[in-house]
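Welcome, and thanks for taking a look. Here is a short briefing to help you find your way around; keep the view open as you read.

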Amino acid sequence: MAAVITALFIGVSAPEAIAHGDVVPQAVDTTGLKPLADWLESNPYRKDKTAIRIGDSAFNQNCARCHGLGAVSGGIAPDLRYLPLGDEGDEVFLQRIRKGAVRDGRVYMPPFEGTLSQEAMWAIRTWLETVHED
């Protein structure tokens, strides 16, 4: 009987363990970064130590649950260490973080525009460049 109950429990709870579920983005304190008005096409904070510190924290709070600690993916989402450096990577990063990704009606990544500020997004990108791998 215990085996039946265990099997039922696993069958009912397995989808919860596998699914991401709805997660609430965490606020990012961007104090110390130059405020930005219009959306920029390239990272204005590249190699800025304050942006790196803020981006590290923001990534851990908002991105690591899918993209992995240190941006080392465990297979749920792309490994962001391999984003191209510079403007090429900025374009890919900004498009995805702002608009998200939906395929076949499934949300693979939620859009963060309107949730995270442009400053927070660029801070995350700045930090990502510090963990880049070829």
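A good place to start is the salt bridge between glutamate 113 and lysine 99, whose closest N and O atoms are 3.1 Å apart. This pair links distant parts of the chain, with glutamate 113 in the loop between strand E2 (106-109) and H5 and lysine 99 in helix H4, 14 residues apart. Please keep in mind that this is a predicted model.

**The overall layout**

- The protein chain has five helices and two strands.
- If you read along the sequence, you will meet the pattern α-α-α-α-β-β-α.
- The chain has 134 residues, and 34% of them count as buried.

**Salt bridges**

- How many salt bridges does the structure hold? There are nine.
- Back at the starting pair, glutamate 113 counts as partly exposed because its relative accessibility is 30%.
- Its partner, lysine 99, is also partly exposed, at 46% relative accessibility.
- Another salt bridge joins aspartate 87 and arginine 46, with 3.4 Å between the closest N and O atoms. Aspartate 87 belongs to helix H4 (residues 86-99) and arginine 46 to the loop between helix H1 (2-18) and helix H2 (49-62), so this pair ties together parts that are 41 residues apart in sequence.
- Arginine 46 also forms a salt bridge with glutamate 129, where the closest N and O atoms are 2.8 Å apart. Here too distant parts of the chain are linked: glutamate 129 is in helix H5 (residues 118-130), arginine 46 is in the loop between H1 and H2, and they are 83 residues apart.
- Is glutamate 129 buried or exposed? With a relative accessible area of 16%, glutamate 129 is buried, whereas arginine 46 counts as partly exposed at 28% relative accessibility.
- Salt bridges link Arg46, Asp87, Asp90, Arg125 and Glu129 in a network.

**Aromatic pairs**

- Searching the whole structure turns up two aromatic pairs. In the pair of phenylalanine 59 and tryptophan 127, the ring centres are 4.8 Å apart and the planes stand at 35 degrees, so the pair is tilted. Phenylalanine 59 sits in helix H2 and tryptophan 127 in helix H5, so the pair links distant parts of the chain, 68 residues apart.
- Phenylalanine 59 is buried, with 0% relative accessible area, and tryptophan 127 is buried as well, with 7%. Phenylalanine 93 and tryptophan 122 also form a tilted aromatic pair, at 6.5 Å centre to centre and with 40 degrees between the planes. Since phenylalanine 93 lies in helix H4 and tryptophan 122 in helix H5, this pair ties together parts that are 29 residues apart in sequence.
- Both of these residues are on the buried side of the count: phenylalanine 93 has a relative accessible area of 7%, and tryptophan 122 is at 0% relative accessibility.

**Charges over rings**

- Which ring does the charged end of arginine 98 sit over? The ring is that of tryptophan 39, with the charged end 3.8 Å from the ring centre.
- Arginine 103 lies over the face of tyrosine 108, at 3.9 Å from the centre of the ring.

**The second largest pocket**

- This pocket holds about 170 Å³ of space.
- Its lining is made up of Trp39, Leu40, Glu41, Asp87, Asp90, Glu91, Leu94, Gln95, Arg98 and Lys99.
- By type, the lining residues divide into six charged, three nonpolar and one polar.
- Some names should be familiar by now: Trp39 and Arg98 are among the lining residues, and arginine 98 is the residue whose charged end sits over tryptophan 39.

**Two residues with a positive phi**

- Most residues other than glycine have a negative phi.
- Lysine 47 is not a glycine, yet its phi is positive, about 70 degrees. You can find lysine 47 in the loop between H1 and H2, and it counts as exposed, at 73% relative accessibility.
- Alanine 71, which is not a glycine either, has a positive phi of about 70 degrees. Alanine 71 is placed in the loop between helix H3 (64-67) and H4, and it is buried, with a relative accessible area of 0%.

Definitions and conventions
Residues numbered from 1 in each chain as written. Predicted model: local features only at pLDDT ≥ 70, side-chain atom pairs only at ≥ 80, totals over all residues. Heavy atoms only, no water. 1 Å grid on protein atoms, 1.4 Å probe; cavity = no way out; pocket = protein on both sides within 12 Å on 5 of 7 lines; lining within 4 Å. Points joined across faces, edges and corners; volume = space filled by probe spheres on them. Nonpolar A, V, L, I, M, F, W, Y, C, P; charged D, E, K, R; others polar. Salt bridge = Lys/Arg side-chain N within 4 Å of Asp/Glu carboxyl O. Helix = DSSP H or I, 4+ residues; strand = E, 2+ residues; numbered from the N terminus. Buried < 20%, exposed > 50% of the residue type's maximum accessible area, 1.4 Å probe, protein only. Phe/Tyr/Trp six-rings, centres within 6.5 Å; stacked < 30°, edge-to-face > 60°. Lys NZ or Arg CZ within 6 Å of the ring centre and 35° of its normal.
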